[in-house]
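Here's a walk through the place where two protein chains come together. Have the structure open as you read, and follow along one piece at a time.

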Amino acid sequence: MTKPMIAIHDLTIDEITTRKMNAEEFAQYQSEMTSLKVERDFAATNNAEKQAILDQLGITAEQAKLLLS
Amino acid sequence: MTRSRDVANIDGLLTTTGDTFYASAAATPARLGIGSTGQVMTVAGGVPSWATAAAGGSLTLLSTTSLSGLPTSGPNITGISGSYTNLLIVIVDAYTSGDHNIQFGWNTQATTYVTTFGSNGNGQTSSSSGTGTLCRPAGTSIIGATSPYFSATINISRYATTDVTKPFSFAGGFYNANFGGVSAFSGGGRHINSSAITSFTFRSVDQTGNWNGGTIYIYGVN
């Protein structure tokens, strides 16, 4: 996998450097992307389960909100 | 002491333009020579004196970072001066194409507790904590819009001290076409690390592509 680019603005010299992530940054990036995928997969599953219930009830999400308000 | 002698004492004491007459003790006339330009009269040891006026609050622009063309994995702004009391960070109209949630944080290897209240049509609320956690304002989730124009102000108190807890607050808004217009968020938390804060990170959660525009300003506040 190609390492993503990252920009560093060093205020001590007021210069912006754009370079590939180093090993530590890349490890952190990979960890965050894994967490993000887990989070999004969970959200997608959750949404699918909600939609399945709405379909069974034959109502829309807006109608469900109205009932619960 | 007669009144005529009092007057004579005053005449003798006030020798120079700007001199002030006061009692250095009971029934003891004394002269206070004029201070320097800008000095103010104060009290020290129970008698008046002139002193340099305390400095008022100030705002110093420390850096301007243009986001256009930079990868959305950052930027990391490093080397922030520790010469101020508080830090004020202003993000103006950061935008990029596609779906991008926003994150920001500082000295990322620290424990940060943050709670955010967002208004994007769903009234989202979120909190997070843990080592290396960056703030992820709830209102910025599921932007799903091109050019969301994210803007925010972030205040970090006593950022350069060795205080174990450094409180912070933030507020902002962005354009979100999915919810028909501007959404807003606000929140705050505490950054738990006794080291001075010397860096600031602003990025998208996805960290793909480049910023199309926007500017980050960092100010030192005294």
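## Where the strands join up

Start with strand β1 of chain A: β1(A) pairs with β6(B), a strand covering residues 76-78 of chain B, and the two run in the parallel sense over three bridges. If you want one spot to look at, find H9(A), whose bridge partner in β6(B) is I77(B). Keep in mind that this is a predicted model.

Now look at what else β6(B) pairs with. Strand β14 of chain B, residues 200-204, joins β6(B) over two bridges, this time in the antiparallel sense. Here N76(B) has T201(B) as its bridge partner in β14(B).

## One sheet, two chains

Put those pairings together and you get an open sheet of five strands, in the order β2(A)-β1(A)-β6(B)-β14(B)-β8(B), with mixed pairing. Why is one side of β2(A) and of β8(B) left without a neighbour in the sheet? These two strands, the second of them spanning residues 102-106 of chain B, stand at the edges, and each has a single partner strand, so one side stays free of a sheet neighbour. From one strand to the next, the twist averages 20°.

## How much gets covered

Next, the contact as a whole. Chain A puts in 19 residues and chain B puts in 20 residues. About 1,600 Å² is buried between chain A and chain B, and carbon and sulfur atoms give 50% of that. Which three residues supply more of chain A's buried area than any other three? They're A7(A), H9(A) and L11(A), which supply 33% of the area that chain A buries against chain B. You've met H9(A) already, as the bridge partner of I77(B).

## Charges and polar contacts

How many salt bridges are there between chain A and chain B? The count is one. You'll find it where the side chains of R203(B) and E32(A) meet, at 2.7 Å from N to O. As for polar contacts, eight residue pairs are counted between the chains, with both residues at pLDDT 80 or more.

## Chain A's side of the contact

Finally, which elements give two or more residues to the side of chain A that touches chain B? They are β1 (5-10), β2 (15-20) and α1 (23-57) of chain A. The largest share, seven residues, comes from α1(A). Sorted by class, this side of chain A has ten nonpolar, four polar and five charged residues.

Key:
Residues are numbered from 1 along each chain as its sequence is written. Chains are lettered from A and ligands numbered from 1 in the order in which they are written. This is a predicted model: local features need pLDDT of at least 70, side-chain atom pairs count only at pLDDT 80 or more; totals for chains, interfaces and linings use all residues. Side-chain values use heavy atoms; hydrogens and water are left out. Contact means heavy atoms within 4.5 Å. Buried area is the accessible area (1.4 Å probe) that two parts lose on being put together, summed over both. A salt bridge is a side-chain nitrogen of Lys or Arg within 4 Å of a carboxyl oxygen of Asp or Glu. A polar contact is a pair of N or O atoms within 3.5 Å; within protein, one must be able to donate a hydrogen and the other to accept it, and residues adjacent in sequence count only if both atoms are side-chain atoms. Helices (H or I, at least four residues) and strands (E, at least two) are DSSP runs, numbered from the N terminus. Ala, Val, Leu, Ile, Met, Phe, Trp, Tyr, Cys and Pro count as nonpolar, Asp, Glu, Lys and Arg as charged, and the others, Gly among them, as polar. Two strands pair if DSSP finds at least two bridges between them. Axes are lines fitted to C-alpha atoms, for helices over the stretch in contact, and angles run from 0 to 180 degrees between N-to-C directions.
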